[in-house]
Amino acid sequence: MDATVRPVERADLLAVIRIERACFSDPWPYDAFERLLDEPAFLVAEREGAVVGYVVADSTPNHGRDIGHVKDLAVHPEAREEGIGRTLLRSALARLRAVGVAVVRLEVRESNAAARSLYADEGFDPIRRISNYYRDGEDALVLVVDLAEWAGGE
């Protein structure tokens, strides 16, 4: 992978929105990203001065076992299959772990085989299905990973 992962900056948001719109049939609005700018794991992948992917993840306190949530992950269609999505995901999980998150969850379209494969490779396990989660009626699978196990039990 020839991209650099770094924390998002406000100036990156237009590029993030362009990627979001290129990747998803029901894209997030600009203000949704703007509200998440300060999250510990809102990261972008940059190559030759251009944002080519991003991940948005946050954490919620939970009695000493904080829960992380990967809210969004996307790579520009022209930059896929180069390991950028995996690198973004791993970077976000490492950052969440560094701020005390114990478990991370996410939702993924049942039909998104590429994303499901990536998440399975990184140790995410399905825990339930949510019927009609997406606006088009498709179900989502809820996946979770224990960060201590993901990191090799350090």
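In the predicted model, S59 has G68 of β4 as its bridge partner. Strands β3 and β4 pair in the antiparallel sense, over eight bridges. They form a hairpin, with five residues between the two strands. Within the turn, H63 has a positive phi of about 50°.

G68 also has a bridge partner in β5, namely V104. Strands β4 and β5 run parallel and are joined by five bridges. The connection from β4 to β5 passes through α3, and this β-α-β crossover is right-handed. Strand β4 is mostly covered, with eight of its 10 residues buried.

Helix α4 spans residues 113-121. Its residues A115, L118 and Y119 are buried. These lie on the same side of α4, because they cover an arc of only 95° around the axis. On the other side of the helix, A113 and D121 are exposed. The cover over the buried residues of α4 includes three strands and a helix: β4 (66-75), β5 (101-109), β7 (140-146) and α3 (84-98). Just after α4, G123 takes a positive phi of about 95°.

Helix α1 comprises residues 13-23. Buried here are L13, A15, V16, I17, I19 and E20. Elements covering the buried residues of α1 include α2 (30-35), β2 (41-47), β3 (50-60) and β4. Strand β4 thus appears in the cover of α1 and in that of α4.

Strand β2 contains R47. The relative accessible area of R47 is 17%, which is under the 20% cut-off, so this residue counts as buried. The side chain of R47 makes a polar contact of 2.5 Å with that of E82. Leaving aside residues up to four places away in sequence, R47 touches D2, A3, V52, A79, E82 and I84. Among these contacts, V52 lies within the residue range of β3, and I84 within that of α3.

At the level of the chain, an unreviewed UniProt entry lists residues 3-148 as "domain: N-acetyltransferase". Over residues 3-148, the model is 29% helix and 37% strand. The end C-alpha atoms of this stretch are 27 Å apart.

Technical notes. Residues are numbered from 1 along each chain as its sequence is written. This is a predicted model: local features need pLDDT of at least 70, side-chain atom pairs count only at pLDDT 80 or more; totals for chains, interfaces and linings use all residues. Side-chain values use heavy atoms; hydrogens and water are left out. UniProt positions are given in the numbering used here, feature names are shortened, and annotations may be inferred rather than shown by experiment. Helices (H or I, at least four residues) and strands (E, at least two) are DSSP runs, numbered from the N terminus. Buried means under 20% relative accessible area, exposed over 50%, partly exposed in between (1.4 Å probe, protein chains only). The arc is that of the directions from the helix axis to the C-beta atoms. Contact means heavy atoms within 4.5 Å. A polar contact is a pair of N or O atoms within 3.5 Å; within protein, one must be able to donate a hydrogen and the other to accept it, and residues adjacent in sequence count only if both atoms are side-chain atoms. Two strands pair if DSSP finds at least two bridges between them. A crossover is right-handed if, with the strands pointing away from the viewer, the path from the first strand over the helix to the second runs clockwise.
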